[in-house]
Amino acid sequence: MLVATCLSLAACSAGDGTSEPQPSPRTALSFGQTADTVGADGKGTAQITPETIVYVAKAGTDAPEHGLFAVVSFKTGNRTEESVTTTAGQGGFRWKALDGKTIKAGNSEGARGVAPVGFNDGGGKSAVRADTYQVNTVAFDITSADKGGTLVYVDGHGVAFRWKVPSTSSGPAANALKSALK
C-alpha cells in the first residue's frame, strides 16, 4: 500500500520537488457560457466567457506553421472592487484537439503575433480593472484536423474550465474578428 502511494505521488511530481496543478474534471461548458474563475496566484475572481471562434489560413502577414490559426475572442469580467489578474498571460489557455493532443496558446511565432485591431492587444491582457470587462483574443496554430477541439482555461487555483469549440467559425463577432485579422 505504501509503495503504491509513493508511486502515485511520484507520478504527480515534476522531479524537482514541485508538482504541476492537476486540473479537476469538469463537464465541458457550451461555447459562450461564463465560468467564474480564480485569478492568478489565487487572488480575486474573473469571469471568462469565450464568445467567438474563427479559423483563418493567414493573420495579417503571418502564416501558421501547422496550416490554420484558431483565434478565440473571449470576454473577461471583473465584478469586484479590486483589479484581478487572470492566468491568460501565464499560459492559462490551451487547445485540446480531438485526438487528445494539447496545444498551448501562442504555440508558434505567428500565433504569438496575432493581435486583431479592436480586440485589445491579443494574447489576453492579464489585468482586468475593477468592475469592468474587456474583450481579448488568444490564438492557436493548429492543423485542420484539430478544428472543433476543446478550449481549456486553467485558473489561479489550477482548476480547469472547458468549452467545446465549434468546428466552424462562429460567434457574435466572427465577421468583425475575421476582418480584423486581414
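**View 1. Secondary structure of the predicted model, with 3 helices and 11 strands**. Read along the sequence of this predicted protein, the elements follow the pattern α-β-β-β-β-β-β-β-α-β-β-β-β-α. Of the 182 residues of the protein, 41% count as buried, and the exposed surface comes to about 9600 Å², of which carbon and sulfur atoms supply 51%. Among the contacts in the protein with a separation of 6 or more, 69% are accounted for by residues 24 or more positions apart.

**View 2. The antiparallel hairpin of strands β2 and β3**. Strand β2, which covers residues 35–38, pairs with strand β3, which covers residues 45–56, in the antiparallel sense over 4 bridges. Within this pairing, Ala35 stands opposite Ile48 in β3. The hairpin has 6 residues between the strands, and Asp41 takes a positive phi near 60° there.

**View 3. Surroundings of Arg94 in strand β6**. Arg94 is found in strand β6, which covers residues 93–96, and because its relative accessible area is 27%, Arg94 is classed as partly exposed. When residues up to four places away in sequence are not counted, Arg94 touches Thr102, Ile103 and Phe140, together with Thr150, Leu151, Val152 and Val154. One of these contacts, Thr150, lies 56 residues from Arg94 along the chain, although the C-alpha atoms of Arg94 and Thr150 are separated by 8.3 Å.

Notes
Residues are numbered from 1 along each chain as its sequence is written. This is a predicted model: local features need pLDDT of at least 70, side-chain atom pairs count only at pLDDT 80 or more; totals for chains, interfaces and linings use all residues. Side-chain values use heavy atoms; hydrogens and water are left out. Helices (H or I, at least four residues) and strands (E, at least two) are DSSP runs, numbered from the N terminus. Buried means under 20% relative accessible area, exposed over 50%, partly exposed in between (1.4 Å probe, protein chains only). Contact means heavy atoms within 4.5 Å. Accessible areas come from the Shrake-Rupley method with a 1.4 Å probe; for residues, only the protein chains shown count as cover. Two strands pair if DSSP finds at least two bridges between them.
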